[in-house]
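Hi,

Here is the model I promised to pass along. Have a look at it first, and my notes follow underneath.

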Amino acid sequence: SRRDKMRRTALTVVVVYSVVLSFLTFAQPSYAQTAKPVQTIPVSQIHEGMRGVAYTVFQGTKPEPMEVEVLGILKNANGPKGDVILVRLGGAKAEYTGVVAGMSGSPVYFNGKLAGAVAFRIGEFSKEPIAGVTPISEMLEISALDSTPTSVPVQVRSVPSFAAKTSGPGLPTTATQGFANYLKPIETPLVFSGFTEDSVQKFAPQFASQGIVPVMGVGSASDVKQPDPLEPGSAVSAVLVRGDMNIAATCTVTYIDAEHLLACGHPLLQFGMIDLPMTKAEVLATLPSPLNAFKIVNATETVGAFVQDRHTGILGEFGKKPEMIPVTLTIHGGTTPKVFHYEVLNNARLSPVAISTTVYNALHGVNEYGDETTYAMKGDISVEGFPVVKLQDMFSSADGMQPAAMLAAGSVGERFGRIYDNPYSTPDIKGLQLDFEVTNERRWARLESARTDLSEARPGDEITVEILLRPYRGEAVVEHVPVRIPLSASKGSTLHILVSDGEMLDRLSHGPSSAQKLDLASTIGVLNKQHVNNRMYVSVLDEDPEAMVADKVMPALPLSVMNVMDGMRGTQDMTVLGESSVSETATSPLDFVVSGAQLLSIPIK
């Protein structure tokens with residue numbers, strides 16, 4: 001009948017809808033347990049003697065309870081209006097391990113209501129597990145801050161270094177010396193896996209200047225699936241580098257809703273807005289220590305991105321894809337090429353040092369490495385909306401003290417620093433591609449002498465500059481470079497010819513302007529004009545001054561024009577040099593790095 005037909009049609013619609021709904025539900029990965037309304041308790045209702053419970057992971061992925069007893073409230077202990085709840089942790093495990101690095105963020109409950117996150121340790125060698133708790137009301141401010149729209153884009157700017165917020169076991173920083181500090185954020189060690197000890201040691205001072213003390217050998221990172229959902233008390237990791245090398249920091253989840261989580265209860269580095277992969281984590285073991293107990297952790301499945309790093313904690317967003325910088329680094333010179341793939345965080349303060357460290361680590365951690373190795377580098381940095389930044393150079397140790405791998409890594413990191421360090425726009429770096437040719441000997445030479453084939457010349461004459469190079473362990477090399485005397489040269493004057501390496505030429509032509517902050521397009525223009533290390537350059541200098549406005553050179557300016565432009569210095573990115581470079585000639589590429597400079601004089605008749 002018609003009624004039965006309508007009933008069957010309706011039933012079919014319901015079944016199809018149910019199947020689609022179940023498919024959609026299944027297709028959405030469940031990163032966290034079902035979010036339930038969380039009741040909180042204000043600091044004003046917390047008093048001495050209250051007992052509650054906190055949760056953290058001691059081993060595996062399941063949070064375990066710890067007893068909590070309130071000792072009192074420390075007013076303004078964490079900055080202005082930043083109260084801290086002082087508690088004693090209890091239970092067999094907490095009393096055995098004490099306050100553990102990686103425990104920060106452990107949620108604390110009284111009468112089933114969330115009070116805050118374990119975030120501070122008291123002293124260095126405390127015999128009792130006494131900790132400070134960041135109130136949840138202060139952590140929830142981060143969520144409100146993250147949802148506030150910004151009317152202008154966030155700008156990259158240079159910021160002075162600050163005291164360490166993140167540190168590892170037993171490694172004090174000089175920034176904290178000179179005063180006693182008994183209330184400290186619980187360490188959130190940045191664990192370096194896939195790095196040689198030498199790599200970490202060489203770059204530790206640079207990380208320390210950004211508030212990081214690296215820790216080796218106590219964890220790793222992978223993208224292994226972890227079936228257990230996140231919940232308050234779970235371990236969670238923030239990843240700075242991932243792939244064939246990894247850098248990650250781990251703390252504990254305090255609060256979860258359907259879209260976000262809060263963790264740590266203190267900053268990682270207090271960078272403000274960030275974009276770091278957020279992963280689940282598995283605790284392999286918790287090691288007690290009178291000085292610094294810590295967790296050995298493996299970062300696992302990526303579940304989103306951390307988007308805020310603030311004074312009272314870090315905020316993660318589920319499902320968000322972090323924008324990392326993909327790096328491909330290939331080393332040629334052995335039996336087969338070695339290729340490294342990894343990603344580095346996109347951050348103005350940390351990306352340059354992270355890039356330098358990973359490049360050095362890749363070069364240093366292979367069999368092709370040696371004390372007298374020479375590297376020929378080619379590559380490019382891709383920046384959205386701008387020309388590719390070309391990288392081409394050769395690196396060899398001049399004195400044996402500074403490894404060639406360090407010179408190469410520093411060169412790449414310096415270019416990243418220059419790209420980030422502009423006051424006008426945030427660079428969108430899309431990737432880094434690097435190729436290194438390895439030669440297992442020190443290919444380096446110094447400029448021993450230079451001379452011209454004529455003692456004097458006329459305007460328009462062609463003269464030859466003879467360059468004598470003295471290699472490290474080898475026969476002298478002689479190069480001849482033809483140079484044309486400019487027609488504008490004044491009779492009776494003396495013309496200067498500069499014979500120099502590329503580094504000297506860059507320093508003379510772009511050095512003064514490097515202190516000025518150029519826009520991104522001009523910065524990339526300057527970087528792409530840099531000279532290489534394996535050529536000698538011969539520059540003819542004119543006595544008229546030249547001006548450099550941003551990355552554009554205006555040579556041989558008359559005095560009248562210079563007088564007009566002199567008033568622009570305060571409003572333009574302008575540099576004035578005493579002499580103009582009328583022409584520049586280079587030798588053909590040499591098979592070694594060259595160093596040195598000499599200024600020649602030739603009378604014009």
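Let me start with the disulfide: the link of Cys-251 and Cys-264 is left-handed, with -85 degrees about the S-S bond. Cys-251 lies in strand S13 and Cys-264 in the loop between S14 and strand S15 (272–287), so the link ties together parts that are 13 residues apart in sequence. Before you set anything up, bear in mind that this is a predicted model, so please take the S to S distance of 2.1 Å as a value from that model. The structure holds 1 disulfide, so there is no second one to look for. Both ends are covered: Cys-251 counts as buried at 2% relative accessibility, and Cys-264 is buried with a relative accessible area of 0%.

The surroundings of Cys-251 are worth a look too. Strand S13 covers residues 246–256, and 11 of its 11 residues are buried. Here is how S13 pairs up:

- With strand S12 (residues 235–243), S13 runs antiparallel, and 6 bridges join the two. Val-236 stands opposite Cys-251 here, and a hairpin of 2 residues connects S12 to S13.
- With strand S9 (residues 190–193), the pairing is again in the antiparallel sense, over 4 bridges. Ser-193 is found opposite Asn-246 of S13.
- With strand S14 (residues 260–263), there are 3 bridges, and the strands run antiparallel. Tyr-255 has Leu-262 in S14 as its bridge partner, and the hairpin from S13 to S14 goes through 3 residues.

Now the charges. Which salt bridges did I look at, out of the 21 that the structure holds? I picked out a few, including these three.

One is Arg-88 with Glu-69, where the closest N and O atoms are 3.2 Å apart. Arg-88 lies in strand S3 (residues 84–90) and Glu-69 in strand S2 (residues 64–74), so this pair ties together parts that are 19 residues apart in sequence. Arg-88 counts as partly exposed at 27% relative accessibility, and Glu-69 counts as partly exposed at 22%.

Another is Asp-275 with Lys-320, whose side chains meet at 3.2 Å, N to O. This pair links distant parts of the chain: Asp-275 is in strand S15, while Lys-320 is in the loop between strand S17 (313–318) and strand S18 (325–332), 45 residues apart. Asp-275 is buried, with a relative accessible area of 18%, whereas Lys-320 is partly exposed, with 28%. If you wonder about the label on Asp-275, buried means under 20% relative accessible area.

Then there is Arg-443 with Asp-591, a salt bridge of 2.9 Å, N to O. It also links distant parts of the chain, 148 residues apart: Arg-443 is in the loop between S22 and strand S23 (444–452), and Asp-591 is in the loop between strand S31 (580–586) and strand S32 (593–595). Arg-443 counts as partly exposed, at 22% relative accessibility. Going back to Arg-88 and Glu-69, salt bridges that share partners join these two with Arg-51 and Glu-128 into one network.

What about Arg-121: buried or exposed? Arg-121 is buried, with a relative accessible area of 7%, and its place is in strand S6 (residues 113–122). A polar atom of the Arg-121 side chain lies 3.4 Å from the backbone oxygen of Val-99.

Last, the aromatics. A search of the whole structure finds 5 aromatic pairs. In one of them, the ring centres of Tyr-375 and Phe-436 are 6.0 Å apart and the planes are at 85 degrees, so the pair is edge-to-face. Tyr-375 sits in strand S20 (residues 374–383) and Phe-436 in strand S22 (residues 429–439), 61 residues apart, so this pair links distant parts of the chain. Tyr-375 and Phe-436 are both buried. Elsewhere, Phe-192, Phe-195 and Phe-207 form one aromatic cluster. There is also a charge over a ring: the charged end of Arg-442 sits over Tyr-472, 4.1 Å from the centre of its ring.

Cheers

Technical notes
Residues are numbered from 1 along each chain as its sequence is written. This is a predicted model: local features need pLDDT of at least 70, side-chain atom pairs count only at pLDDT 80 or more; totals for chains, interfaces and linings use all residues. Side-chain values use heavy atoms; hydrogens and water are left out. Rings of Phe, Tyr and Trp (its six-membered ring) pair if their centres lie within 6.5 Å; planes under 30 degrees apart count as stacked, over 60 as edge-to-face and the rest as tilted. Buried means under 20% relative accessible area, exposed over 50%, partly exposed in between (1.4 Å probe, protein chains only). A charge sits over a ring if NZ of Lys or CZ of Arg is within 6 Å of the ring centre and within 35 degrees of the ring normal. Two strands pair if DSSP finds at least two bridges between them. A disulfide is a pair of cysteine sulfur atoms within 2.5 Å. A polar contact is a pair of N or O atoms within 3.5 Å; within protein, one must be able to donate a hydrogen and the other to accept it, and residues adjacent in sequence count only if both atoms are side-chain atoms. A salt bridge is a side-chain nitrogen of Lys or Arg within 4 Å of a carboxyl oxygen of Asp or Glu.
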